[in-house]
Amino acid sequence: MKVVALVSGGKDSCYAMMKSIHYGHQIVALANLMPVDDSVDELDSYMYQTVGHQIITSYAECMGLPLFRRRIQGSSRHLELGYKTTQGDEVEDMYILLREVKRQIPSVTAVCSGAIASDYQRLRVESVCSRLGLVSLAYLWKQDQSLLLQEMIANGIEAITVKVAAMGLVPAKHLGKEIAILNAYLHKLKESYGINVCGEGGEYETLTLDCPLFINARIVLDEYQVVMHSSDSIAPVGILHPLAFHLENKEDIQFLNTQDKIHEICVQKLGSVLEVDDGQEKFEATCKPVGCADPIDDIEHKFNISRTNNKSTFSICCWLQDSCNADLQEDLKIVLRKIESQLASFGFGWENVLYIHLYIDDMNKFSEANETYVKFITQDKCPFGVPSRSTVEMPLIEMGFSRAYIEVLVANNKDKKVLHVQSISCWAPSCIGPYSQATLHEGILHMAGQLGLDPPTMNLCSGGPGVELEQALKNSEAVAKSFNCSISTSAIGFVIYCSKNTSSLERLDIEKKQETILRQMKISDLEEGKTYKTIDPIFLYVLVSDLPKRAFVEVKPIVYVEDGADIEIATITERSSSKTSCYWGFKQESWHDDCIQKCVIPGKICAIILSITSELAAKICYNSMPADYGNNNAQHIIPKAQMEQLSKFCIYLLDKVITDNDFAWEDVMSLRFYVPVSLQMSVELLQPMFSNALIELSEMSQRKVKNFEEPIFNIVPVVGAGRAASSMDDVVTCELLARKS
């Protein structure tokens, strides 16, 4: 991509340019924001470094690139973490500046910045980029600061300190010093006082005088003055005010050497400097509501809607029963509008949604589905953060569903923490659009489905399903670390989607690699002295028609984030069954344990995977199944009466595990029944079976469970599913997640 670089003069913005070039992008322009008054060194700004701004004009000549500059008219007005377009805010100066860059250089498609740890700054750059249709590149984001500083020095960044404001940094002694000289001392201060060695806490600021990008000249500072802002005895604050400098020309340097390639830079002896003023600029709110852009459809549609009964967090699932559209977008639009109205009926909106499962019938139309999706789920409608999301292709039409099928997880409050990083970085894959990497709500971290994407390039890793799985797990771990937890020790469960394009041998490799990688992560955490209380997660493997980007694997972890209290983790061993009655003639058998995986955090969370293989189905329905049923692993077509029996057994066994662990059906947040399309049973046939079983359970148990008359579960059509990647051939698989309200 062609990139405009936001430059402050500091080491971070310069190294961010070098990293952008390293990953194949081309810097075509520079952009800088400066004070209105040239004599002022520093502004009271939460966004911009301005110390040393007098020298920035030389960057155009040093690099041979056009430099766009704007004087900062605004101030820090919108102080909340997430930014909304605000008249008079200093962020609007960046918007005007970058908009002019884009107008004059239409080929620009991305912006790079030196953000390392500040969510405040990153979110504002991303907001401006989103409004201008640009991609944010933040290759320093979340990188280890000690390693990053070493990299900068090793890769030729020659920068001096121009501001110091931390314990141990003395203006008269440390201003004007090169970071290479201060490196060891900064690490000593980190050990003594916990400072950020890259200055991310405002401990110091730098000015780059030379780096490999300065192909025409380097900057030589001839004279400067130390200006004291505070003479505090513990942490005095001082800045360096440049008085005189000159450029020292470089000869015969035509290329930038990077670690693995030589990137040619077009050499110009002079770079132009353009100042961007207000001109005819008038403030306009650029974020317009788009959810109602399409006219309301007057046709009365027939929907299939289900909802769980948890008062705190519940699932709503919707698909169109009378779809006659050949168009995925039309089906999706109708379903999203219906969910929106369902949310409104509870007094909620999209801001209450934590997670969205988007099932579509054709991954070739993924971009079209996104076009419709973004008209409903927007940043404006979700001021506390957009929901996390997983998107997969399922065999919907074959089982009687519409072309789009949506499940949303809804909270009755807005007490959630959302991680939404839109910038492309080396940290984890970006989410460019209205869906986030993860959403934390009341102790459960709901993570978006992770593909095996290489974060800095956003390309799928080559090497096959095993390599993709390894990268997907690494990406998931990077997200988990942002919430101070690990998928290796804190995961309640994993849903691993495998494309039907994977072979049986590749699926076996996926399962083995998953075990190995999680074990290695756990060992690594222990070696680093981290003491997470380990949870034994449960696993569900789902064979799907296709995944985004034609990926082989998508990983979806659900993670428990400790609240500081000691937790007890239940093992696979069942408790006493004294509470559980025998329904439909089913009695406790030793082989029932073969069906169940569970993860229970007593009094808080209960997660269950129930797998009914062909062999187990034969045992459950032994009086009515064909004599040879279950003798091999192939899925069979099952008569309706036997499927009804299996549905009752599933409800019986789920009820047993729920009640044995002191949970109730009213605690269920989500309940899915995965049914393979090979059974040739439509959703119209299956849904009443499970509904009737739940109603009968309520009557037999005399537990008046509320709303069993309406479905509290979702039927999910799949190519296959199972507890192991090597055997995704269950007749039916149940996934249940419950939490005490």
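User: What makes the lining of the largest cavity a mix of classes?

Analyst: Eight of its residues are nonpolar, four polar and four charged. Ala, Val, Leu, Ile, Met, Phe, Trp, Tyr, Cys and Pro count as nonpolar, Asp, Glu, Lys and Arg as charged, and the others, Gly among them, as polar. Keep in mind that this is a predicted model, where local features need pLDDT of at least 70 and side-chain atom pairs pLDDT 80 or more, while totals for chains, interfaces and linings use all residues. Numbering runs from 1 along each chain as its sequence is written, and side-chain values use heavy atoms, with hydrogens and water left out.

User: Why is it called a cavity and not a pocket?

Analyst: On a 1 Å grid over the protein atoms alone, a 1.4 Å probe fits in a cavity but cannot get out, whereas a pocket is an open set with protein on both sides within 12 Å along at least five of seven lines. By this rule there are five cavities of 30 Å³ or more, and the largest holds about 150 Å³.

User: Which residues line the largest cavity, and what makes them lining residues?

Analyst: Lining residues have an atom within 4 Å of a point. There are 16 here, with His-357, Leu-409, His-446, Ile-558 and Arg-672 nearest the centre. Strands (DSSP E runs of at least two residues) pitch in too: β15, β17, β20, β26, β29 and β32 each supply at least two lining residues.

User: And what is in the second largest pocket's lining?

Analyst: That pocket has about 870 Å³ of space. Its lining has 36 residues, and Ser-8, Met-47, Tyr-48, Gln-49 and Gln-121 sit closest to the centre. By class, 14 are nonpolar, 14 polar and eight charged.

User: What makes the largest nonpolar core a core?

Analyst: Its members are buried Ala, Val, Leu, Ile, Met, Phe, Trp, Tyr and Cys residues joined through side-chain atoms within 4.5 Å; buried means under 20% relative accessible area (1.4 Å probe, protein chains only). This core has 146 residues, and Met-17, Leu-30 and Trp-665 are among those touching the most other members. Helix α15 (residues 640-660) gives the largest share, ten residues. A separate core of 37 residues includes Leu-469 and Phe-494.

User: Which residues does Met-17 contact beyond its neighbours within four places in sequence?

Analyst: Contact means heavy atoms within 4.5 Å. By that test Met-17 meets Ala-5, Val-7, Ile-27, Leu-30, Met-63, Cys-112 and Leu-213.

User: How much of the chain is buried?

Analyst: Of its 741 residues, 58% pass that cut-off.

Technical notes: Buried < 20%, exposed > 50% of the residue type's maximum accessible area, 1.4 Å probe, protein only. Helix = DSSP H or I, 4+ residues; strand = E, 2+ residues; numbered from the N terminus. Points joined across faces, edges and corners; volume = space filled by probe spheres on them.
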